[in-house]
Amino acid sequence: MTLPIYHLPVVQNWDCHVCGTCCQEYRVTVTEAERLRIEAQGWDREADLAGREPFLPHDAKRGLSVLNHRDDDSCVFLSDAGRCRIHERFGYETKPLACRLFPFVLVPVAEEWRVGIRFACPSAAANKGRAIGAHNESLAEFAAKLAEREGLTRRPDGSLTPPPPLERRPNVEWKEILQIVEVLLGFLRNRRQPMELRLRRCLALASAMRPLRLERLESKQIRDLVEVMARTVEQETTIEPSMVAAPTWVGRILFRQAAALYTRKDHGPKRGLPGRGRWALFRAACRFSRGRGMMPRMHQHIPVVSFEDLETPRGPLSVEAEEILERYYTLKVGALQFCGAASFGLPFWEGLESLALTLPILLWLSRAYGDRPRHEAVVEALTIVDDHVGFNPVLATRRQRLGFRILARRGELARLIAWYSR
Ligand code: SF4
């Protein structure tokens, strides 16, 4: 029996507007069964695929391949008219699951599938299309296929996967995790406050609760404790961002290194400096550390801009920009896209801090689009930064995690959020 699909109470819309971004930007992984099925469709290497193999090996142990790409980085099945040849010739249902699922992210949470979305898709970031509930039938089908592909079966508590550890194992149950998620969502939906304060409150809760050994407590004790902590955090978090101390030089250097990672584009038509080899990348990393002069073009869609421009405050966000950020963070947190199964197995609190770091990076990067209305600048920055959230394995490497941990434990993360909200 498949688990139900759960939508968060967030106004999020989406429909494919055939921009072709996903077919040009991403490496699509296919299972062995999908590869065999597509090969059996009888593609002519020369006439259909410009003389290329349709697949390249990816992970032999798991029987995975990736779709091959052309010189311009577009998928080998993408036609000159920007349409998927598999779709055109054999129907939508015959495309690889990953292509059909994008930009949705289905996360098994307790006894349901939660629906997240990738804002790296321009239509998702711009909230264009039908309400995502309209895609329920397809989502239910994808969820069943995903469970089958990953070999997920119901556990004794009814869930498909164990809950992500809060900090380390032994762990609390799904019920307790969801209580904490509700508290975080309460902070994130509080429209009387700017998003920067809402996220600083989430971080304050993380830092207050991290040392607690919740697994030793009864469920009711945990619920009471979480409520008390939430009230304390609400009362004690500094309201005015100008009253929060500025980030130190350590925080700034680690921030720019993280920003370099979140703004880079390694393949596709928007590929930036990383496409020019290791030496160019090394020099770019040095310039990000110095933080002076022109910012290296890590991504073709980022305008030419200096680090000094990016450090110039632009004042509080507009109401529209705040709404976009609320939609983004509510979906990411509510669908648990920041930890566990959806994010390289990161523990809950660590994943939350890693997600919170995207806010100062978004605010900083949106300053590069100074000629655009504030909400459009935020959407541009979101499509670039979210490309990495939950999908760039470098973010989960030991080295990166150490950098993020230093930022969080030294209190630099909250300082950066306040600093770049100016
Ligand atoms: S198979 Fe089709 S939908 Fe998938 S990436 Fe290639 S062209 Fe796009």
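This is a walk through a predicted model, from its sheets to its helix packing and its ligand shell.

Start with the sheet that holds strand β5. Three strands form an open sheet here, in the order β3-β5-β4, and the pairing is antiparallel. β3 and β4 stand at the edges. Each has a single partner strand, so one side of each is left without a neighbour in the sheet.

Now take the two pairings in turn. Strand β3 covers residues 29-30, and strand β5 covers residues 64-67. Two bridges join them, and they run antiparallel. One position to look at is Val 30, whose bridge partner in β5 is Ser 65. On the other flank, strand β4 covers residues 55-59. Four bridges join β4 to β5, again in the antiparallel sense. Leu 56 has Val 66 of β5 as its bridge partner. Pro 57 stands opposite Ser 65 in β5. Ser 65 is thus set against Val 30 and also against Pro 57.

β4 and β5 form a hairpin with four residues between the strands. Gly 63 in this hairpin takes a positive phi near 70°. A positive phi also turns up at Ala 50, at about 50°, although Ala 50 is not a glycine. Ala 50 sits in the loop between α3 (45-49) and β4.

Next comes another sheet. Three strands form an open sheet in the order β1-β7-β6, and the pairing is mixed. The edges are β1 (5-6) and β6 (104-109). Each of these has a single partner strand, so one side of each is left without a neighbour in the sheet. Strand β7 covers residues 112-117. It pairs with β6 in the antiparallel sense, over six bridges. Within that pairing, Pro 108 stands opposite Trp 113 in β7. Helix α7 (residues 136-150) packs on the sheet and touches β1, β6 and β7. The direction of α7 makes about 60° with that of β6.

Look also at the lead-in to β6. A cis peptide bond joins Phe 102 and Pro 103, with omega about 5°. Pro 103 lies in the loop between α5 (97-101) and β6.

Turn now to the helices around α9. Helix α8 covers residues 174-188, and helix α9 covers residues 195-209. Their axes come within 8 Å and cross at roughly 155°. That angle makes α8 roughly antiparallel to α9. The crossing is right-handed. From α8, the contact is made by Val 183, Leu 184, Phe 187 and Leu 188. From α9, it is made by Arg 198, Arg 201, Cys 202 and Leu 205. By class, these residues divide into six nonpolar, no polar and two charged.

α9 has a further contact, with helix α19 (residues 412-420). The axes of α9 and α19 come within 9 Å and cross at roughly 175°. The two helices are therefore roughly antiparallel to each other. Glu 196, Leu 199, Arg 200 and Leu 203 are the α9 residues of this contact. They meet Leu 413, Ala 414, Ile 417 and Ala 418 in α19. This contact has six nonpolar, no polar and two charged residues.

Finish at the ligand. The residues around it include four cysteines: Cys 23, Cys 75, Cys 84 and Cys 99. Val 28, Leu 67, Leu 78 and Ile 86 are also among them. Phe 77, Lys 95 and Pro 96 complete the list. By class, the shell has 10 nonpolar residues, no polar ones and one charged residue. Leu 67 links this shell to the sheet described at the start: it is a ligand neighbour, and strand β5 spans residues 64-67.

Methods
Residues are numbered from 1 along each chain as its sequence is written. This is a predicted model: local features need pLDDT of at least 70, side-chain atom pairs count only at pLDDT 80 or more; totals for chains, interfaces and linings use all residues. A residue is near a molecule or strand if its C-beta atom, placed from the backbone, lies within 6 Å of it. Ala, Val, Leu, Ile, Met, Phe, Trp, Tyr, Cys and Pro count as nonpolar, Asp, Glu, Lys and Arg as charged, and the others, Gly among them, as polar. Two strands pair if DSSP finds at least two bridges between them. Axes are lines fitted to C-alpha atoms, for helices over the stretch in contact, and angles run from 0 to 180 degrees between N-to-C directions. Angles under 35 degrees count as roughly parallel, over 145 as roughly antiparallel, 65 to 115 as roughly perpendicular and the rest as oblique. A crossing is left-handed if the near helix is turned anticlockwise from the far one by less than a right angle, and right-handed if clockwise. Two residues are in contact if their C-beta atoms, placed from the backbone, lie within 7 Å.
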